[in-house]
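The following note is offered to a colleague who is meeting this structure for the first time. Its points move from the whole chain to a single residue.

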Amino acid sequence: MKAKHIKALIGGICASSLLFSSALAAGDGDYYTPDGVNLGGFTMYPSLELKVGTDDNVFAQPTGEVSDTFFALDPQLVLASNWSRHELNLSVQNNNVWHSEQDSEDHSDWVFGAEGILDVSSSTSIHGRAVYSMLTEARGDASALGTAAEPTDYDRFDGYVELRHRFNQLGVAIGGGLSTYDYDDVRSIGGGTIDNDNRDRDVTLARAELNYGVSPDTRVFLRGTLNDRQYDMQPPAVALNRDSDGYELVGGLSFDVTQLIEGEIFAGYLEQDYVALADIDGLSYGANFDWFVTQLTTVSVNVGRAVEETNQAAASGYLSSTAGADVRHELMRNVILTGGLSFTNNDYEGSIREEDIWNASVGGEYMI
């Protein structure tokens, strides 16, 4: 039985470029688009978000729901280069959440990121990014431990490097990356500690893409990805070997239609082969695009499918299929109304478990 879970954002206040920018001081330009603070070769963009909301099922339980009000404080700092060639962006973000009554659910997350572009020539460039995150696993997450007395903390690192080259209308991209997951131990409801070392893992991937411009605003592409998932703990320290490798091959197109709609759509096939558990395969698909309905209203659509890891006994993993849409409407230049609806189906291989998850959100932003 899946828990019903409704989290509503009651309100939020956003302050961008907290230090006065020259454009704002001069009294011209869009007051609500941050101009940043010039630091020579970089521009600094500080921001702060204050939020308050309500959650009708804080522990994401199928019965005995507990509701609570939560408050969030999210500061962020971005340093963006303003060079004529090459590019480097650095960022740090902190997310703090407090609850009125259920303080066991309070948490503070950090994300440190760096991304850049090295322009080797007019047709060749090297793109890279590295992100280190200290995160908290959501109570409603598919792999969250139901016996944990508090949410599980974990560290994650993501790094990726890609070489891109263009031969007139034909583009080629080759890249590789690494993701690592390190889960902390957590207190158990019945007393004692839950050891999460069996969830620690490394994921490596290699990716290649060919794309061709059929028009100035439309490109078709063929993209292949290989992955290898290795767990730190192996039998006999754990009962099951959860290592696996897999691939995904998709074709699609990216588009930017007369400033009305932009994004990409693709479809193909995926497969994940496990050392000691049931394999997973099936149709792969995805769509990510923004539709600018009017100058004040934007609709964002996200559809995708991926093989995800699980800690459930006997299940190798699960095929997660998601579809969702978000709407942003400018009621005023500094008052933004938001809403969203998404659906996720998680189908566990080697287990009878299957879950349907609906998420709905509504909120508003007031920009100082």
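**Note on the predicted model**

1. The model is predicted. Its protein chain contains one helix and 20 strands.

2. Confidence should be considered early. The pLDDT of the protein chain averages 90, and 92% of the residues score at least 70. Residues 18–29, however, have a pLDDT below 50; in the model this stretch makes eleven contacts beyond near neighbours in sequence.

3. As to overall dimensions, the C-alpha trace spans about 65 × 55 × 35 Å along its principal axes. The radius of gyration of the protein chain is 22 Å, which agrees with the value near 21 Å that a compact globule of 368 residues would have.

4. Of the 368 residues in the protein chain, 34% are buried. Among contacts with a separation of 6 or more, 54% join residues 24 or more positions apart.

5. The exposed area of the protein chain is about 20,100 Å², of which carbon and sulfur atoms supply 58%. Its charged side chains comprise 22 positive and 56 negative ones, and the centres of these two sets are 3 Å apart.

6. One residue merits a separate look: I189, which is located in the loop between β10 (186–187) and β11 (193–194). Is I189 buried or exposed? Its relative accessibility is 59%, and exposed means over 50%, so I189 counts as exposed.

7. Which residues does I189 contact, leaving aside its neighbours within four places in sequence? They are G146, T147, A148 and A149. In addition, the C-alpha atoms of I189 and P151 are separated by 11 Å, the two residues being 38 residues apart along the chain.

Terms used:
Residues numbered from 1 in each chain as written. Predicted model: local features only at pLDDT ≥ 70, side-chain atom pairs only at ≥ 80, totals over all residues. Heavy atoms only, no water. Helix = DSSP H or I, 4+ residues; strand = E, 2+ residues; numbered from the N terminus. Rg over C-alpha atoms; globule rule 2.2 N^0.38 Å. Buried < 20%, exposed > 50% of the residue type's maximum accessible area, 1.4 Å probe, protein only. Contact = heavy atoms within 4.5 Å. Areas by Shrake-Rupley, 256 points an atom, 1.4 Å probe, with all protein chains shown as cover. Lys, Arg positive; Asp, Glu negative; His and termini not counted. Charge placed at Lys NZ, Arg CZ, Asp CG, Glu CD. pLDDT = per-residue confidence, 0-100.
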